[in-house]
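Hi,

Here is the structure I promised to pass on to you. Have a look at it first, then read my notes below.

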Amino acid sequence: DDKDIEREIRVTKTKRQLLKTRSLFEQKRYHTALRAARECDQRVHDLPQLQKEIADLVAKVNAAIDRKYTGYMVKAKKSLKNGRLKEAKEALKQAILFRKTDEVKALSQEVDDRLAIPEGMAYIPAGLCVVGDSTQQLWKREGPAHKVDVPAFYIDICPVTNTQYLTFVKATGHRMPPHWVKAGNKIPEGKENHPVVQVSLADARAYASWVNKRLPTEIEWEKAARGPGGWKYPWGDEYKTGMANDDNAGRTCSVPVGSFQDGKSFYGCLDMAGNVWEWTNTKFYLYPGSKEKMERGEENLYVIKGGCFMDDKLFLRSSFRETVDPKGPYAVRTTLGFRCAASVKR
């Protein structure tokens, strides 16, 4: 019978292919083995015994691929956590040979982003972040708390200093802050590494543009301060003295940036509570679901964040929203500075 002969030929070819597939598996050529096994499967749709044998082999190959993929991913994540970026990149190159998943692609992109971090900046990965606070009764415009998906970005670890701003002034001829003029057209003595203050929103934007950066949005600033856990303060959910230059620090002015190392945020940013307020590039708006109403003129106000050396723990909360008219008399003050951000280029 021709059908019987054809069947025997298929069985013989399939068994030969299975032997080859097992050999490839033993050589750890897993993907080639997987392709060979699937070719076998196409020939035996009417041969249950061989179908089971092939299915068992496919499962065995897939299990081996999964073990390899998982092993390299564990190594990559551990290396990334410990800051060994080159090791992480190599592990991910191996992982993607076994499984081209969204997870490995996203992690590979994050490693590349981290390898490209500009000097003096922190990398804030893409993902959801908590914005706002629903528990405040006096400051209802912080609520309701909600989550926002934010693309990856970079942000300065510290606010811009007087010395950094002076370089900009000398290079561009931009106007000096008023208190520099009073000090004899120079940085006040001893304040070289203090955050620059008495800069308007336009001044801050001009500096940021000059260094090929920009001002952070309110949500970016808040994510950098609160971390993935949505902490109340940069260092955690509980207020602690000694973490920031605030009203409990006993000072009447700013201090050099980075003076309170213990108060750094999850992402390593410093001075995100106390010292000086910071400009954001966001006009004030009400959060989705808010029952409050915008007052006349509020649409022209910009949000500032972080509190200053005169403020208590209420104002130091990362969700606190203060507003300033960029054209008003309080837009240039001794308690307001800024830091820069930058988009991740891909």
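What follows is a short tour of one sheet and some charged pairs. Keep in mind that this is a predicted model.

Let's start with the sheet. It is open and has four strands in the order β7-β6-β5-β8, with mixed pairing. β7 (322–324) and β8 (336–337) sit at the edges with a single partner strand each, so one side of each has no neighbour in the sheet. Strand β5 (residues 277–283) and β8 run parallel and are joined by two bridges. Glu-278, for instance, has Gly-337 in β8 as its bridge partner. Helix α8 (residues 201–210) packs on this sheet, where it touches β5 and β6 (302–305), and its direction makes about 90° with that of β5.

Now the charges. Side chains of opposite charge can pair when their charged atoms come close. How many salt bridges does the structure hold? There are 19.

Glu-278 turns up again here: its side chain meets that of Arg-339 in a salt bridge (2.7 Å, N to O). Arg-339 lies in the loop between β8 and β9 (341–343) and Glu-278 in strand β5, so the pair ties together parts 61 residues apart in sequence. Are these two buried or exposed? Both Arg-339 and Glu-278 are buried.

Another salt bridge joins Lys-89 and Asp-112, with the closest N and O atoms 2.5 Å apart. Lys-89 belongs to helix α4 (residues 85–98) and Asp-112 to helix α5 (residues 102–115), so this pair links parts that are 23 residues apart in sequence. Lys-89 is partly exposed, at 28% relative accessible area, and Asp-112 is partly exposed at 32%.

Finally, look for the network of salt bridges that links Glu-218, Glu-222, Arg-226, Lys-305 and Arg-321.

Cheers

Definitions and conventions: Residues are numbered from 1 along each chain as its sequence is written. This is a predicted model: local features need pLDDT of at least 70, side-chain atom pairs count only at pLDDT 80 or more; totals for chains, interfaces and linings use all residues. Side-chain values use heavy atoms; hydrogens and water are left out. Two strands pair if DSSP finds at least two bridges between them. Contact means heavy atoms within 4.5 Å. Axes are lines fitted to C-alpha atoms, for helices over the stretch in contact, and angles run from 0 to 180 degrees between N-to-C directions. A salt bridge is a side-chain nitrogen of Lys or Arg within 4 Å of a carboxyl oxygen of Asp or Glu. Buried means under 20% relative accessible area, exposed over 50%, partly exposed in between (1.4 Å probe, protein chains only).
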